[in-house]
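Student: I should like to request a close look at a single part of this protein. Please set that part in the context of the whole chain.

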Amino acid sequence: MREIYSFGDISIQPNTLVLCDIDDTLLRFEKSLLDCYDDTIETIHSIAETYKMPNDFLESSLRDKENIMKLALNKYHHHQLVTVPKHNDENGFRSMTGEIKRKNSSLIFLTARPKTSDWLTMEHFRELNIRHDEYIVHYVSSVISKSKYLLEHLGEMGNYVNVIVIDDKREILEEIESEFPNIETYWMTKVLTDYERNKAKQNTENQNKNKEKIE
Ligand SMILES: [Mg+2]
């Protein structure tokens, strides 16, 4: 696995199939799933305060990670519906797609989005100025892992000498590596969004305030 900060860091050999993730790799929204998870926890705390929720009640709601994740996913999906995505690395992406064309190679998107969200993905591509008729998107959905999906579908994607997978989630790439030793994997390291940068700043300020209080 190679850690990269830009698509431009990937060297494309002739006859390569590039499988690229969409969310948090090609594009990103102001808030990530993790941000929505944190927001959900904050919401639970503020409800607890408003309703004077007894402590053990609050603790048990915070312990229900599965439910929190469900709420966070709903929040994230809603966020994806109502906001416009941004390129994660537009220049790098353009240089990679140019290189893919020159090297007689192909780019296919591999996403955990469900097939039913095809219309939304097409909308997002349009917003990013990506010609969606030029690319095939494989919708894995979250029911199976990308590695399991590739076991079944890699053959139908065509015959290539090399296969590359780009994703922002390490565990996805680790699983693919162990199943397909010949696939090269690239871990797209996360660049902070404005929201995350502000939040990180706020956290540091709060920590400093707390420190002052103690001192
Ligand atoms: Mg992703």
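Tutor: What follows is an account centred on one strand and its partners, with the surroundings described afterwards.

The model is a predicted one. The part chosen here is strand β8, which comprises residues 184-188. Within the protein, the secondary structure amounts to eight helices and eight strands.

Consider first how β8 is paired. Strand β7 (residues 162-167) is joined to β8 by four bridges, and the two run parallel. Two residue pairs locate this register. Isoleucine 164 faces glutamate 184 of β8, and tyrosine 186 of β8 is the bridge partner of isoleucine 166. Strand β1, residues 2-4, also pairs with β8 in the parallel sense, here over three bridges. In that pairing, isoleucine 4 is placed opposite methionine 188 of β8. Thus β8 has parallel pairings both with β7 and with β1.

The pairing continues from β7 to another strand. Strand β2 (residues 16-20) runs parallel to β7 and is joined to it by five bridges. Isoleucine 166 of β7 stands opposite cysteine 20, while its bridge partner in β8 is tyrosine 186. Isoleucine 166 therefore has a named partner in β8 as well as one in the pairing of β2 with β7.

The connection from β7 to β8 can also be described. Helix α7, residues 170-179, forms a β-α-β unit together with β7 and β8, and this unit is right-handed.

Is β8 enclosed by the rest of the structure or open? The strand is largely enclosed, because four of its five residues are buried. A residue counts as buried when 20 or more other C-beta atoms lie within 10 Å of its own. For the protein as a whole, 24% of the 215 residues count as buried.

Two loop residues offer a view of other surroundings. Asparagine 129 is situated in the loop between α5 (118-127) and β6 (136-139). Although asparagine 129 is not a glycine, its phi is positive, at about 60 degrees. Asparagine 129 counts as exposed because it has 9 C-beta neighbours inside 10 Å. Serine 141 belongs to the loop between β6 and α6 (146-153). Serine 141, also a residue other than glycine, has a positive phi near 65 degrees. Its 13 C-beta neighbours inside 10 Å are the reason why serine 141 counts as partly exposed.

Helix α6, which follows that loop, contains glutamate 152. This glutamate 152 has 9 C-beta neighbours inside 10 Å and so counts as exposed. Between the C-alpha atoms of glutamate 152 and cysteine 36 the separation is 32 Å, and the two residues are 116 positions apart along the chain.

Finally, the overall arrangement may be stated. The protein is divided into domain 1 (2-28 + 89-194) and domain 2 (33-82). The C-alpha centres of these two domains lie 31 Å apart. Along its principal axes, the C-alpha trace of the protein spans about 60 × 35 × 35 Å. Of the contacts with a separation of 6 or more, 79% are between residues 24 or more positions apart.

Note on methods: Residues are numbered from 1 along each chain as its sequence is written. This is a predicted model: local features need pLDDT of at least 70, side-chain atom pairs count only at pLDDT 80 or more; totals for chains, interfaces and linings use all residues. Domain bounds come from an automatic or database domain assignment. A crossover is right-handed if, with the strands pointing away from the viewer, the path from the first strand over the helix to the second runs clockwise. A residue is buried if 20 or more other C-beta atoms lie within 10 Å of its own, exposed if 12 or fewer, and partly exposed in between; C-beta atoms are placed from the backbone. Two residues are in contact if their C-beta atoms, placed from the backbone, lie within 7 Å.
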